[in-house]
Amino acid sequence: MSYEKLAKEIVQLVGGEKNVVSLVHCATRLRFVLKDEAKADKEKLEKTDGIITVKQSGGQFQVVVGNKVPEVYNAIGKVSNILNETGKEDHPAKGNKGFGAVIDVISSIFAPLLGVMAGSGILKGLLLIASNLGWLLPKDTTYMILYAGADSLFYFLPLLLAVTTARKFGGNIFVALTIAGGLLYPSIVTLKTEGTPTDFFGIPIVMMSYSSTVIPIIIAIIVMSKLEKWCNRLIHESVKNFITPLILLVIMLPLTLIVFGPFGVYVGNGIATGLIAAFGFSPLLAGAIMGACWQLLVIFGVHWGLVPVFINNIAVNGKDGIKPSAAASIFAQTGAAFGVMLKTKNKKLKTLAGSATLTALFGITEPAVYGVTLPLKRPFIAGIIGGAIGGAIIGQAGTQAFASGAPGLLTLPIFYGPGGQGFPGLILGISVSFLVSAILTYILGFEDPVEAEESIESSTKEPVHATDVSNEEVFSPIEGTVVALSEVPDPAFASEAMGKGIAIEPTSGKVVAPFDGTITVAFKKKHALAIVSPKGAEILIHVGVDTVKLDGKHFTSYIKEGDQVKAGDLLLEFDVEQIRAEGYPTITPIIVTNSSAYSDILPTAKGQVQIHDPLLQLFGGTNEKE
């Protein structure tokens with residue numbers, strides 16, 4: 001796959017560079033903030049090779065590309081100026097208000113840190129295990145060096161958040177870093193640790209510890225960014241490059257220490273205390289709710305509202321008892337995808353579910369959820385049930401997280417604390433989540449999305465010997481634009497596995513007979529038919545892709561099996577716009593299912609085609625091309 005080619009397509013389909021306010025990425029998603037989401041072509045993006053799905057949530061236009069997201073993100077930086085820092089200013093996306101705006105801010109600030117945060121969390125967890133088992137002692141220099149690498153991100157978190165917040169709001173990153181550095185400056189830290197009475201020109205300051213904190217620096221840099229823009233408008237160009245930073249430092253650091261710092265610390269602690277109280281009241285019930293709902297929160301992007309709480313709990317208390325139950329939801333959807341892999345008869349879906357299961361085991365659930373369980377519905381519900389049961393077990397066990405990181409097999413060490421208390425409950429909970437979801441998925445079943453397509457193949461691919469056919473012309477049964485079969489977004493058609501042919505993107509919703517013949521297959525769900533000519537040509541007309549799932553909705557059939565029809569007779573009608581509105585492509589393959597009986601099959605139309613225009617020329621096996 002060419003990442004630069006994919007990057008160009010993504011930039012174009014989100015409305016171009018000028019429509020992009022900002023772009024960050026997390027483990028699997030490109031998170032765009034757009035000036036006008038109406039300019040983005042969601043349908044084409046979802047059809048683009050390399051894109052799993054597209055979600056609009058929390059004021060963000062999220063393009064899910066899977067584990068290759070860093071490569072695609074970097075490629076966007078190469079083919080566009082979207083990632084350039086110069087000239088970027090805060091520009092709220094259209095319609096991004098209220099709670100959606102809050103979620104957008106939080107996700108944009110934290111998403112760039114998720115990778116290094118997960119790596120640091122894993123290392124911290126491994127060091128906890130090594131320390132508890134006596135392999136390394138905290139006083140060993142080896143331990144100290146590794147722990148410095150693991151803990152530095154969390155200790156200096158305000159510095160990193162200063163960068164991402166300034167980037168989000170268009171502030172000067174270096175001034176933001178300087179303000180964050182002031183909060184962690186040794187003499188400031190000493191004032192807190194020694195309990196020295198502190199004031200600023202007579203204004204008393206309640207000193208706080210700001211290492212590993214989240215809310216104070218975010219508030220400070222948001223205000224700083226707004227103040228910076230105001231200063232730049234008023235101060236002359238010749239001096240603003242140094243006068244504005246001077247004003248920001250003089251105002252913002254004291255203001256943060258006096259107001260934003262204490263306020264942010266108290267708010268963060270208050271939210272954390274409330275959630276901890278919920279787990280204290282009924283850890284079983286709270287764990288069940290978290291296990292059931294976490295993946296739903298992820299889908300809508302609102303899980304970002306809890307991320308600062310997790311980090312704050314670990315920073316303040318050294319542990320967090322809320323996050324572990326979310327692990328049950330991760331492993332539950334993994335189990336549901338595994339159940340689909342075991343149940344499905346479709347080779348393509350089996351492969352997809354298998355790879356999604358493997359990815360989800362390491363904490364990346366988007367391919368499993370968006371590609372497998374959510375489209376099939378029942379497996380997703382099975383995952384919610386399994387997550388609730390596993391979350392209840394984990395909550396009741398009192399499992400704690402001692403470092404940050406997305407729940408997965410590699411990050412299990414972050415849940416292993418002193419003496420391993422609660423860790424067995426975590427292992428039991430995620431195991432139960434996986435098994436219950438997999439078993440429920442297998443028992444409840446789902447509509448195997450290609451069973452109907454396989455029935456088409458088996459019903460129409462009865463071979464005809466080459467001597468039984470002769471040269472024949474097939475006329476267009478649909479009005480529209482001729483498209484190569486290879487462009488149909490379904491491998492069964494695009495690979496010519498079902499036969500050679502052509503496709504048409506319809507501009508009207510009528511299907512007529514392409515020649516005089518007999519209807520051999522009239523599908524109950526009305527989305528497809530097969531017709532055979534007196535000369536032996538067997539033609540399958542399949543309106544749209546995956547339209548079997550519409551169960552006949554938006555289709556009207558005028559035929560039954562065995563009907564004799566004349567060229568141009570009306571066979572089907574369908575509502576083009578309604579089918580597209582339901583999310584299904586309307587591109588229509590027209591397949592010669594007994595292609596092996598012909599020496600060659602050639603398209604005779606290009607571009608726009610009308611009903612009954614020449615479409616295909618079939619050359620019989622015993623005849624030369626004319």
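**Strand pairing, salt bridges and aromatic pairs**

User: Which residue in E13 stands opposite leucine 529?

Analyst: In this predicted model, local features need a pLDDT of at least 70 and side-chain atom pairs count only at pLDDT 80 or more, whereas totals for chains, interfaces and linings use all residues. Residues are numbered from 1 along each chain as its sequence is written, and side-chain values use heavy atoms, with hydrogens and water left out. Strand E12 (residues 528–532) and strand E13 (residues 538–542) run antiparallel and are joined by five bridges; two strands pair if DSSP finds at least two bridges between them. Within E13, the residue that stands opposite leucine 529 is isoleucine 541.

User: How many helices and strands does the protein have?

Analyst: Both kinds of element are DSSP runs numbered from the N terminus: helices are H or I runs of at least four residues, and strands are E runs of at least two. By that assignment the protein has 21 helices and 20 strands.

User: Which strands stand at the edges of the sheet formed by eight strands?

Analyst: The strands follow the order E15-E11-E12-E13-E17-E9-E8-E19 in an open sheet with antiparallel pairing. Each edge strand has a single partner strand, so one side of it is left without a neighbour in the sheet. The edges are strand E15 (564–565) and strand E19 (608–609).

User: Which residue in E20 is the bridge partner of glutamate 472?

Analyst: Strand E7 (residues 472–475) has alternating side chains: Glu472 and Val474 point to one face and are buried, while Glu473 and Phe475 point to the other and are not. Here buried means under 20% relative accessible area, exposed over 50%, and partly exposed in between (1.4 Å probe, protein chains only). E7 pairs with strand E20 (residues 614–620) in the antiparallel sense over four bridges. In E20, the bridge partner of glutamate 472 is leucine 618.

User: What distance, N to O, is found in the salt bridge of lysine 47 and glutamate 43?

Analyst: A salt bridge is a side-chain nitrogen of Lys or Arg within 4 Å of a carboxyl oxygen of Asp or Glu, and by this rule the count comes to seven. Lysine 47 and glutamate 43 are four residues apart in helix H2 (residues 42–47), which means that about one helical turn separates them. Lysine 47 is partly exposed at 40% relative accessible area, and glutamate 43 is partly exposed at 35%. Their side chains meet with an N to O distance of 3.3 Å.

User: How many residues apart in sequence are the parts tied together by glutamate 505 and arginine 580?

Analyst: The side chains of these two residues meet in a salt bridge of 3.0 Å, N to O. Glutamate 505 is partly exposed at 23% relative accessible area, as is arginine 580 at 25%. Because glutamate 505 lies in strand E9 (residues 500–506) and arginine 580 in helix H21 (residues 576–581), the parts tied together are separated in sequence by 75 residues.

User: Which residues are joined into one network by salt bridges that share partners?

Analyst: Arginine 580 also forms a salt bridge with glutamate 577, at 3.5 Å from N to O. These residues are three apart in helix H21, which means a separation of about one helical turn. Glutamate 577 is exposed, with 53% relative accessible area. The network joined through shared partners consists of Glu505, Glu577 and Arg580.

User: What is the angle between the planes of phenylalanine 200 and phenylalanine 201?

Analyst: Rings of Phe, Tyr and Trp (its six-membered ring) pair if their centres lie within 6.5 Å; planes under 30 degrees apart count as stacked, over 60 as edge-to-face and the rest as tilted. By this rule there are seven aromatic pairs. Phenylalanine 200 is partly exposed at 32% relative accessible area, whereas phenylalanine 201 is exposed at 78%. Their pair is edge-to-face, with centres 5.0 Å apart and an angle between the planes of 75°.

User: Is the pair of phenylalanine 555 and phenylalanine 574 stacked or tilted?

Analyst: Phenylalanine 555 lies in strand E14 (residues 555–557) and phenylalanine 574 in strand E16 (residues 570–574), so the pair ties together parts that are 19 residues apart in sequence. Both phenylalanine 555 and phenylalanine 574 are buried. The ring centres are 6.2 Å apart and the planes stand at 35°, so the pair is tilted.
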